[in-house]
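Me: I would like a close look at a single part of this model, followed by how that part sits in the whole. Please keep it plain.

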Amino acid sequence: MNPFSSGTRLRDMIRAIRACKTAAEERAVVRKECAAIRAAISENDPDYRHRNLAKLMFIHMLGYPTHFGQMECLKLIASAGFPEKRIGYLGLMLLLDERQEVLMLVTNSLKQDLNHSNQYIVGLALCALGNICSAEMARDLAPEVERLLQTRDPNIKKKAALCSIRIIRKVPDLAENFMGPASSLLKEKHHGVLIAGVQLCTDLCKASTIALEYLRKNCTEGLVRILRDVSNSPYAPEYDIAGITDPFLHIRVLRLMRMLGQGDADSSEYMNDILAQVATKTESNKNAGNAILYECVETIMGIEATSGLRVLAINILGRFLSNRDNNIRYVALNMLMKAVTVDSQAVQRHRTTILECVKDSDASIRKRALELVFLLVNDTNVKSLTKELIDHLEVSDQEFKGDLTAKICSIVEKFSQEKLWYIDQMCKVLSLAGNHVKDDVWHALIVMISNAPDLQGYAVRSLYKAFRTSNEQESLVRVTVWCIGEYGEMLVNNVGVLEMEEPMTVTESDAVDVVEVALQHHSSDITTRAMSLVALLKLSSRFPPTSERIREIVMQHKGNVELELQQRSLEFNSIIQRHPNIKSSLVERMPVLDESAYIGKRAGSSQATLSADKSSQTTSSGPSSLKLPNGVTKPPAAPLMDLLDLSSDDAPVSTSSTTDFLHDLLGGDSISPGVAPSGGAGTDILMDLLSIGSPSAPTDVLVPNAISSKQGNAPEPKIAPAPVMDLLDGLPSREENPVYPSITAFESSTLKITFSFTKQPGNLQATVIQATFTNLSSSAYTDFIFQAAVPKKALAMRIRMAYKVNDQDKLEQGQINNFPRGL
Amino acid sequence: MIHFVILISRQGKVRLTKWYSPYSQKERTKVIRELSGLILTRAPKLCNFVEWKGYKVVYRRYASLYFCMGIDADDNELEILEIIHHFVEILDRYFGSVCELDLIFNFHKAYYILDEILIAGELQESSKKTVARLIAAQDSLVETAQEQANSISNMIAQATK
């Protein structure tokens, strides 16, 4: 051939590329070569096609795009000669993948080559088909491959068998066509054919139960014989690896036996002897032997083995576990995970070794061991295991801490019988690895604390102590801040002290210090700070002497760049300063958070984070959970009137009262107390208009109708405030909602009320009504109370307004019937 | 099954990749990048298995090259180590004390050898002798074809002088 410079030789190109010192140089060389190749392609030059494709493949391996060469593969495959076909098929497998449509064009060439007289060309076609075919190609060419399974040449036979595996994976319906031919492959002597045949049978079993039954019936005997022959065979240099004849065949046969013996006592019994022989006879000083033993143990665990055989398997496992080779230990941990389901007692015996593996220096081993430990936890050993794991948490690597924390938290949650123990463990985990604790975990802790009134004092004191030592763990800070806010007086007054607690004096000022630190700390994020502000508000009510100090702290954030914090700062300041008489009812003790609802919701939501529920709260403009104190509303724009019942001579009601609350902190639902009003029928039922986004819409909160106050034993009237829309929240979503016209709900000579409506996107069951009150007189109104009641069926509302004008009480009432249709 | 075979050098250069499951070009580069980061940084004494995205990757270092195979979670890792060694020994026999340079300049031959050992992500032949024989037969086919082509073009060149 006359090597005119239409291109360099492959070798020279590779040399040139390797000589490049910088990426830019390399790009230049590659660009030049690609240009030459493109030119040759467009000229349809046949001479250098072979070499050009080889160059393209090299360039492809470097990471450059080479799709312009795809058709060259096809042309080479269509050529007559063996070298062209060889490189053509190789290029096809490298440059294309099964999802490309160009691949379909090869189907014809493949068909011809599968029928070629040259056995090596048939081999090329089978190889390409087996590596890269798509489902359609598989369907088209399956008959050819089936036919080739019957040829005499073992090279073609084994390739056809493996090609069939791919066909079955792509088109499982065809599995039954291959059942017969596959089982006859097992009668061959050639090891390559046997290995391929056994693998084909294994895949057939996975693809079709009919095939599984067929093979179980017809092949179990043959399989046992193959294994016995190869296990007993004398030294065969061609197949020998580390003194064992063809370990690969051993392993494949063992795996197929597992599939056939699973769930079938007869075949399992048939396999018993040979399994015992392999388990005892195989040398385990080399990897090949260990690989066989590994597969053997897996098979024994997988079939209906006798107890003697199981004991044998567990012994091998024990030996593996104490092997010094890391690979063997890894594999042992793997096996133990399967063994747990079969014989949990035996595995428990190895618990100490497994715990050691959790502390291993190898990350892969640690991971396996941790998963295994999780499977081993039961009620008797949970306390000691948890203690070990938490001790290790202290010293473990950063990357491992996340996994370890998550596992400890799930163990603690799943197995905790005593709430005290749960609180203790969680305190420790939060102190050691609070930053790795997921949101739903510490939410669950709070729910639990709220449900354990006798442990609340203990909890808040433990958290306080923990905070003093590890206040950089975010989740710990959040839980502590919330608890101090809620149970501050228990902390300071040493309420509910348990016997084992050390005495501790915490002053009100100390408690405020803690929250202040949390607020000001540089590493606290918005959620923590928001929670701290709320906690401070609570403390200003629980510890009146600190009120002024708290107010000053709160005011420091009035100019905060975060809108949420800014707003809270200003509003809380306003409450502390100007509304001292409602403050205590605003921040009174939260009702018991409904554990079962929380758990149910958590199980339901796929994210298992409460941030998913945030959209249903009207106040979320910040990141993760924002906790509002009970009863705090965002005041409407104008006029600034207090819509809560201000006759707070009512004592804080018990948690099971019929008090209505604005927000369920954990989900935006209203908590439905179990108490019905003693009024019974005839009483208007007040629906919580603020359960926006509650998935179970008709959770009616029964509140005694304040209007019919003649009912003597009706509990203190607490009225739901008029629904208020968070202006911050409403703004972005307003455009997307269907718009309803606002109505004049009430108009008299002295007062006008207009309602405007929006719906939250994605939740058309609930409507948010914004009520605007206008004073039509020239005097000021004070102590304004607005009450509203709705019947269940009709869309109407009865309203009642009571206020003071010039020191005189005034009462106005009305009925609203003009709600927009289709609301 | 084996989902992919990747050979990377100590510096992270790719010497051979074979994909037995559908991966687009983008996905392939991503896999290579992530696995290089994961495997090249592992200390020598650790076990040869890493868990990655639901797969297990078995790797072994031979001189300056890492041989990596990605397998299903329920495959036999120790066997894959043997398959890797099987491949390396056959390469060694073919090239005569194989080194990385051999695989760079003769990458297509390395691929041909791999295609005689694995198809569809499963083992094809456990006898090194048989693999060597098949490769030799195909190599000689190629040589004969080239000789024929040479002699024909010589004749044409002579005739057209």
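In the hairpin of β4(B) and β5(B), which residue takes a positive phi, and how many residues lie between the strands?

Reply: The model is a predicted one. The residue with the positive phi is B:Ala63, at a value near 55°, and the hairpin has two residues between its strands.

Strand β5 of chain B covers residues 65–71, and seven of its seven residues are buried. In a regular strand the side chains alternate between the two faces of the sheet. In β5(B), one side carries B:Leu65, B:Phe67, B:Met69 and B:Ile71, while B:Tyr66, B:Cys68 and B:Gly70 are on the other, and both faces are covered.

β5(B) has pairing partners that can be taken in turn. Strand β4 of chain B, residues 55–62, runs antiparallel to β5(B) and is joined to it by seven bridges. Strand β1 of chain B, residues 2–9, also pairs with β5(B) in the antiparallel sense, again over seven bridges. B:Phe67 appears in both pairings: it is the bridge partner of B:Arg60, and it is the bridge partner of B:Leu7.

Helix α4 of chain B, residues 107–117, is another covered element. Because 10 of its 11 residues are buried, the helix is largely enclosed by the rest of the structure. The buried residues of α4(B) include B:Phe107, B:His108, B:Tyr111 and B:Ile117. B:Tyr112 also lies in this helix. Its relative accessible area is 10%, so B:Tyr112 counts as buried. Leaving aside residues up to four places away in sequence, B:Tyr112 touches B:Ile135 in its own chain and A:Arg86, A:Ile87 and A:Leu90 in chain A. B:Tyr112 and B:Gln138 are 26 residues apart in sequence, with their C-alpha atoms 9.6 Å apart in space.

Helix α5 of chain B, residues 128–159, contains B:Ile152. B:Ile152 has 46% relative accessibility and is therefore classed as partly exposed. Together with B:Met155 and B:Ile156 it forms a nonpolar patch on the surface, and the three have about 310 Å² of accessible area together.

The contacts of B:Tyr112 with chain A lead to the interface. There, 63 residues of chain B are in contact with 67 residues of chain A. The two chains bury about 6,000 Å² between them, and carbon and sulfur atoms account for 55% of it. B:Glu51, B:Leu78 and B:Phe105 supply 12% of the area that chain B buries against chain A, more than any other three residues.

The interface also holds 10 salt bridges. In one of them, the side chain of B:Glu51 meets that of A:Arg368, at 2.8 Å from N to O. Another salt bridge is formed by B:Arg42 and A:Asp362, whose closest N and O atoms are 3.2 Å apart. B:Arg42 is in the loop between α1 (25–40) and β3 (49–52) of chain B, and A:Asp362 is in the loop between α19 (351–358) and α20 (363–376) of chain A, so the pair joins two chains. Both B:Arg42 and A:Asp362 are buried.

Chain A has 823 residues, of which 56% are buried. It contains 33 helices and eight strands. Of its contacts with a separation of 6 or more, 67% are between residues 24 or more positions apart. Its exposed area is about 35,500 Å², with 51% supplied by carbon and sulfur atoms.

Within chain A, the side chains of A:Lys538 and A:Glu486 meet in a salt bridge of 2.9 Å, N to O. This pair links helix α28 (residues 526–542), which holds A:Lys538, to helix α26 (residues 474–492), which holds A:Glu486, across 52 residues of sequence. A:Lys538 is buried at 3% relative accessibility, and A:Glu486 is buried at 1%. A:Arg542 forms a salt bridge with A:Glu489, with the closest N and O atoms 3.5 Å apart. Here too a residue of α28, A:Arg542, is linked to a residue of α26, A:Glu489, and the two are 53 residues apart. A:Arg542 is buried at 17% relative accessibility, whereas A:Glu489, at 22%, is partly exposed. Elsewhere, salt bridges that share partners join A:Arg169, A:Asp203, A:Arg252, A:Arg255, A:Arg258, A:Glu295, B:Glu79 and B:Glu122 into one network.

How values were computed:
Residues are numbered from 1 along each chain as its sequence is written. Chains are lettered from A and ligands numbered from 1 in the order in which they are written. This is a predicted model: local features need pLDDT of at least 70, side-chain atom pairs count only at pLDDT 80 or more; totals for chains, interfaces and linings use all residues. Side-chain values use heavy atoms; hydrogens and water are left out. Patches are made of residues with over 30% relative accessible area and no salt bridge: like charges are joined within 9 Å, nonpolar side chains (Val, Leu, Ile, Met, Phe, Trp, Tyr) within 5 Å. Accessible areas come from the Shrake-Rupley method with a 1.4 Å probe; for residues, only the protein chains shown count as cover. A salt bridge is a side-chain nitrogen of Lys or Arg within 4 Å of a carboxyl oxygen of Asp or Glu. Helices (H or I, at least four residues) and strands (E, at least two) are DSSP runs, numbered from the N terminus. Buried means under 20% relative accessible area, exposed over 50%, partly exposed in between (1.4 Å probe, protein chains only). Two strands pair if DSSP finds at least two bridges between them. Contact means heavy atoms within 4.5 Å. Buried area is the accessible area (1.4 Å probe) that two parts lose on being put together, summed over both.
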